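Thanks for sharing this one with me. I have put my remarks into numbered points so that you can follow them with the structure open beside you.

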Amino acid sequence: FLLVDLRCHGDSASIRKRGPHTVASAALDVLKLVRDLRMTPRVLVGHSFGGKVVLSMVDQAAKPLARPVRNRWHKKMDWKMLSPNKETKRTPVLEEFMTGYFTVLKNGDNSQDLTVARIPSEAHALVHGKCAEGEHTHGVHGDVIEAWVLDATPGKVRAGGDGEDHPAELISFLSTLPKEVSSKRDVVKALIQQGFSNDVAQWVVTNLRPTSSPGSRFSCVFDLRGIAEMYQSYEETNLWKIVEDVPRGVHVNFLKAERSLHRWALEDLQRIHAAEEIAAEEGGGVEMHVLEDAGHWVHADNPDGLFRILSSSFQGIKT
């Protein structure tokens, strides 16, 4: 498993990227990363903004992704998916997914930190692959690529209903905070007082890092200007074309959070169900899933249910 910070987020914010900061450019970043790692992605998972990043990855690289070939130039690597721990409902991989650490788990016996170290829940993409010299990987349905879009639609963004966290408002508020703060607790308190949920507040402080200033102070690693540009792109990007004309060999899975009703219009559900029928006839795949007892923060509200749904994509992958 490979979990990444997208541009302008987490420790990736220290890697200066040229604009524009968009869904498409974030998707291209991840495509370049897996190319440089010489991996063949078999499963892609993105939540919210990351969901559109996944769709854009498929859109930009549909042909090479849908028809993986023997790559003799691959370095010998073995990316092994960990099996669930029978004594607990959560797996080591799921724990990493939930706590937000960017780690490559190699051969299942050690972890090696790469360039960036944390993923924001709003904007992560998860890539699973296995490649060894002279091999390519096989997905759950032969050479099918499984793309998961968690609680996001391909088109219009309907974020921030009554009592819900609105990303644009969060970005605006974070830009008013001082560059350095003395306490994570004070940041959480300030966010909650502004009407943001405790889940969002706790996520924000995972992006605070100790500074060199005396007195144990912290600074945020977000590139807020870049993130504001990315969110604008998220609202404007329309990727229905990839859903309604799915490339052969790609299976797109949408997961709707049961309590995240404001993000899903009847029109969205009808178009996805219509795309299911069309894709089935043309050799692609579109499928809708519902995660019970969960709001938008699916990995925090119902992590076990989320993993049970996602695990169907991993059952046929050789490790």
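**Notes on the model**

1. Let me start with Ser233, which is buried at a relative accessible area of 8%, under the 20% cut-off for that class. This residue belongs to helix α8, which spans residues 224-236. If you set aside the neighbours within four places in sequence, the contacts of Ser233 are His21, Thr22 and Val23. Please keep in mind here and below that this is a predicted model.

2. Now a step back to the whole protein chain. Its secondary structure consists of 12 helices and 11 strands. The chain has 319 residues, and 54% of them count as buried. The accessible surface of the protein chain is about 15,300 Å², with 48% of that area belonging to carbon and sulfur atoms.

3. How are the contacts of the protein chain spread along the sequence? Taking contacts between residues at least 6 apart in sequence, 77% join residues that are at least 24 apart.

4. The helix pair α6 and α7 is worth a look in your viewer. Helix α6 covers residues 184-193 and helix α7 covers residues 198-205; their axes come within 9 Å and cross at roughly 145 degrees. The crossing of these two helices is right-handed.

5. Which residues make up the contact between α6 and α7? On the α6 side they are Lys184, Val187, Val188, Leu191 and Ile192, and these meet Asn198, Ala201, Gln202, Val204 and Val205 of α7. By class, the residues of this contact divide into seven nonpolar, two polar and one charged.

6. Staying with α7, its buried residues are Val200, Ala201, Trp203, Val204 and Val205. Ala201, Val204 and Val205 also appear in the contact with α6. What covers the buried residues of α7? The cover includes α5 (167-174), α6 and β8 (208-210).

7. Last, a word on cysteines. A disulfide is a covalent bond between the sulfur atoms of two cysteines. How many disulfides does a search of the whole structure find? The result is zero. As for surroundings, is Cys8 buried or exposed? Cys8 counts as buried because its relative accessibility is 5%, under the 20% limit. Cys220, by contrast, is partly exposed, since its relative accessible area is 33%, which falls between the 20% and 50% limits.

Notes. Residues numbered from 1 in each chain as written. Predicted model: local features only at pLDDT ≥ 70, side-chain atom pairs only at ≥ 80, totals over all residues. Heavy atoms only, no water. Helix = DSSP H or I, 4+ residues; strand = E, 2+ residues; numbered from the N terminus. Buried < 20%, exposed > 50% of the residue type's maximum accessible area, 1.4 Å probe, protein only. Contact = heavy atoms within 4.5 Å. Areas by Shrake-Rupley, 256 points an atom, 1.4 Å probe, with all protein chains shown as cover. Axes fitted to C-alpha atoms, helices over the stretch in contact; angles between N-to-C directions. Left-handed = near helix turned anticlockwise from the far one by under 90°. Nonpolar A, V, L, I, M, F, W, Y, C, P; charged D, E, K, R; others polar. Disulfide = S-S within 2.5 Å.
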